[in-house]
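Trainee: I should like to learn how to read a structure that is new to me. Might we proceed feature by feature?

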Amino acid sequence: MQVVSISSLKGGVGKTSVTTGLASAALAAGIPTLVVDLDPHADATTALGVQASEQLDIGRMLKNPRKARLLENVVSSGWVEQARRNGGGSALDVAVGSAYTGIYDRPDLGRRDLRRLSSVLAPAEKYELVLVDCPPSLNGLTRMAWSASDRVVLVAEPGLFSVAGTERTMRAIQLFRQEFAPQLAPAGIVANRVRPASAEHTFRLAEMESMFGELLLAPHIPEQANWQQIQGAAHAVHHWPGDSAKNTAKLFDSLLENMLSSRNGTQEHGQR
């Protein structure tokens, strides 16, 4: 099982879109996956087509991790039925997000609190991949996610402020590793919402390649006009009609493969 946090310290870069795109690719590849919606806005939960239920949300599981009973409280994504209608799919479950998690999103969490998510995820061996959608901050929830994770995927737009924020996040990961999570390593950086015709985006992508080298994952994800429509309909991009969605689905297939195959290299990078 690999636990991967999807993070950005800058909001509005499409972090949840990357999380759901990777989840869609994992479902299409038949990889049993759990998405943990740790962002208090719970946008990933909505996009994954989860219906209201009596199960505990992730915030209430964090409140009492030893009694959380994760496997009894996860909810199957609505995408699974879509996949079955198309002759594929496997497990894609969701630890449902809620505003309740916000009580932990503060900067003063101690070591014991930082281990709450690790305790909740202890029974999750049935999954090969756990994707944690983090809030866009370095407060308690993100640090809790990093404590429970093997690796971190950073999401950035090719713009000045986002690139600078990514560099700060890389430094934050190194400091966090040293003090709290020696197993943690960067899985790579996803350039999202790229506009190939933009001179500024071309310049910033070259800058990112110079700054981050092999940590800048391929392929880059272009800006897609109908992405909000896809998420609003609670559909996996792999099941949305049209050539644009099909091309984006292929990009996420490649991105997932490259992210998973980069494990050894990023661990070595994290140890330097």
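**Reading the model, from one residue outwards**

Mentor: Let us start with a single residue: I6 lies in strand β1, which covers residues 2-7. Please bear in mind that this is a predicted model.

Trainee: Is I6 buried or exposed?

Mentor: One compares the relative accessible area with a cut-off, and under 20% counts as buried. I6 has a relative accessible area of 0%, so it is buried.

Trainee: Which residues does I6 touch, leaving aside those up to four places away in sequence?

Mentor: Its partners come from several parts of the chain. I6 touches K15, V18, T19 and L22, then L131, V132, D133 and C134, and also V153 and V155. For a view of distance, take I6 and R84: they are 78 residues apart in sequence, and their C-alpha atoms are 27 Å apart in space.

Trainee: How should I read the nonpolar interior, and which residues have the most contacts inside the largest core?

Mentor: One looks for buried nonpolar residues joined through their side chains. The largest nonpolar core here has 45 residues, and V36 and L117 have the most contacts inside it. Apart from it lies another core, of 40 residues, which includes I6, V35, W227 and V237.

Trainee: What does L117 touch, beyond residues up to four places away in sequence?

Mentor: L117 touches V36, L38, I58 and L62, together with V132, M144, A145 and A148. M144, A145 and A148 are also among the buried residues of helix α8.

Trainee: How many residues of helix α8 are buried?

Mentor: A general idea helps first. An α-helix has 3.6 residues a turn, so residues three or four places apart point the same way. Helix α8 spans residues 140-148 and is mostly covered, with 9 of its 9 residues buried.

Trainee: What can be said of the protein as a whole?

Mentor: One begins with its elements and its extent. The protein has 13 helices and 7 strands, and its C-alpha atoms fill a box of roughly 50 × 45 × 30 Å along the principal axes. A compact globule of 272 residues would have a radius of gyration near 19 Å, and the protein's 17 Å agrees with this. Buried residues make up 56% of the 272.

Trainee: What share of the contacts with a separation of 6 or more joins residues 24 or more positions apart?

Mentor: Such pairs account for 81% of those contacts.

Trainee: And how are the charges placed?

Mentor: One counts each sign and compares the centres of the two sets. There are 27 positive and 27 negative side chains, with the two centres 6 Å apart.

Terms used:
Residues numbered from 1 in each chain as written. Predicted model: local features only at pLDDT ≥ 70, side-chain atom pairs only at ≥ 80, totals over all residues. Heavy atoms only, no water. Helix = DSSP H or I, 4+ residues; strand = E, 2+ residues; numbered from the N terminus. Rg over C-alpha atoms; globule rule 2.2 N^0.38 Å. Buried < 20%, exposed > 50% of the residue type's maximum accessible area, 1.4 Å probe, protein only. Contact = heavy atoms within 4.5 Å. Lys, Arg positive; Asp, Glu negative; His and termini not counted. Charge placed at Lys NZ, Arg CZ, Asp CG, Glu CD. Core = buried A, V, L, I, M, F, W, Y, C linked by side-chain atoms within 4.5 Å.
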